[in-house]
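Trainee: I would be grateful for a close look at a single part of this model, namely its largest cavity. Which residues line the largest cavity?

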Amino acid sequence: MTDLSTAVLGFGNELQDLLDGVLPYAGGEAPDRRQVIVGSVAGTGHFQVQVAAPNGLITLVKDGAPVAKLRITFQCTLDTPGQYLAIVRSDFELRELGDRTPIARLDYIRDSYKVPASHWNVHAERGSASRLLALGNPSHSGEFSKLHFPVGGARMRPGLEDFLAFVLNEFKVDRCSGADDVIREGRERWRRRQIATLVRDAPDEAVRVLTDLGYAITAPADGPKLPNAEKLQSW
């Protein structure tokens, strides 16, 4: 069985390298405010990973001056077999400087049944959306920011690298030299991990594709592993 604390510390180091390689510090900002810290979540057996700044808020700069905040937090545990690190929840938020209401959020909740496990919330009101909600779903508050836009479920959801690329490319905040390479490398690492998880969810599909590619596959002695239909069907 994998040691959870060791796995989480390794994940925290990866997050630190990603942030340091992508986002420059604000002028006068103490480096320890960007230090990634790991702590246990009382009563859950989970670990939380975030930066040391209050609420996990990272300062974004334009031409060296602070313009916005980025909030990044993860809650982690081991998967059911106790072999791999699993994300229980992640929250990525973009906020204007001094505003506590996010501009946009990319959330993931592993055991989510009422809303898509991975979804965007956009905090920008649209009258047409409110009118349609009033007609079709009158129990809804009508707030655009409370719509949950699905983005691929637990397995195919965007990673932090995609969120960072969104912020850098759309809002044009400052970036470190080589940030695009760091993001691409992190994105590949993230997607390889998700592919591995998908293979465990759908081993029959992995066998089919690998066989088509010319690989010889030997079934386990106790028989083929069954697909995890619940994970494949969840949103």
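Mentor: A cavity here is a set of points, on a 1 Å grid over the protein atoms alone, where a 1.4 Å probe fits but cannot get out. The model is predicted, and the search yields one cavity of 30 Å³ or more. The space within the largest cavity comes to about 30 Å³. Its lining consists of S90, F92, L106, D107, Y108, S118, R157 and P158. Two elements, β5 (85-96) and β6 (104-109), each give two or more residues to this lining. The greatest contribution is that of β6, which supplies three residues.

Some features beyond the cavity complete the picture. On the surface, V207, V209, L210, L213, Y215 and I217 make up a nonpolar patch, and their accessible area together is about 530 Å². One member of the patch, I217, sits in the loop that runs between α6 (203-212) and α7 (229-233). The relative accessible area of I217 is 40%, so this residue ranks as partly exposed, a class that falls between the buried limit of under 20% and the exposed limit of over 50%.

Two cysteines may be set beside that residue. C76 has a relative accessibility of 0% and therefore counts as buried. C176 is likewise classed as buried, because its relative accessible area is 18% and the cut-off for burial is under 20%. As for disulfides, a search of the whole structure finds zero.

Technical notes. Residues are numbered from 1 along each chain as its sequence is written. This is a predicted model: local features need pLDDT of at least 70, side-chain atom pairs count only at pLDDT 80 or more; totals for chains, interfaces and linings use all residues. Side-chain values use heavy atoms; hydrogens and water are left out. Patches are made of residues with over 30% relative accessible area and no salt bridge: like charges are joined within 9 Å, nonpolar side chains (Val, Leu, Ile, Met, Phe, Trp, Tyr) within 5 Å. Accessible areas come from the Shrake-Rupley method with a 1.4 Å probe; for residues, only the protein chains shown count as cover. A salt bridge is a side-chain nitrogen of Lys or Arg within 4 Å of a carboxyl oxygen of Asp or Glu. Helices (H or I, at least four residues) and strands (E, at least two) are DSSP runs, numbered from the N terminus. Buried means under 20% relative accessible area, exposed over 50%, partly exposed in between (1.4 Å probe, protein chains only). A disulfide is a pair of cysteine sulfur atoms within 2.5 Å. On a 1 Å grid over the protein atoms alone, a cavity is a set of points where a 1.4 Å probe fits but cannot get out, and a pocket is an open set with protein on both sides within 12 Å along at least five of seven lines; lining residues have an atom within 4 Å of a point. Grid points are joined across faces, edges and corners, and a volume is the space filled by probe spheres set on the points.
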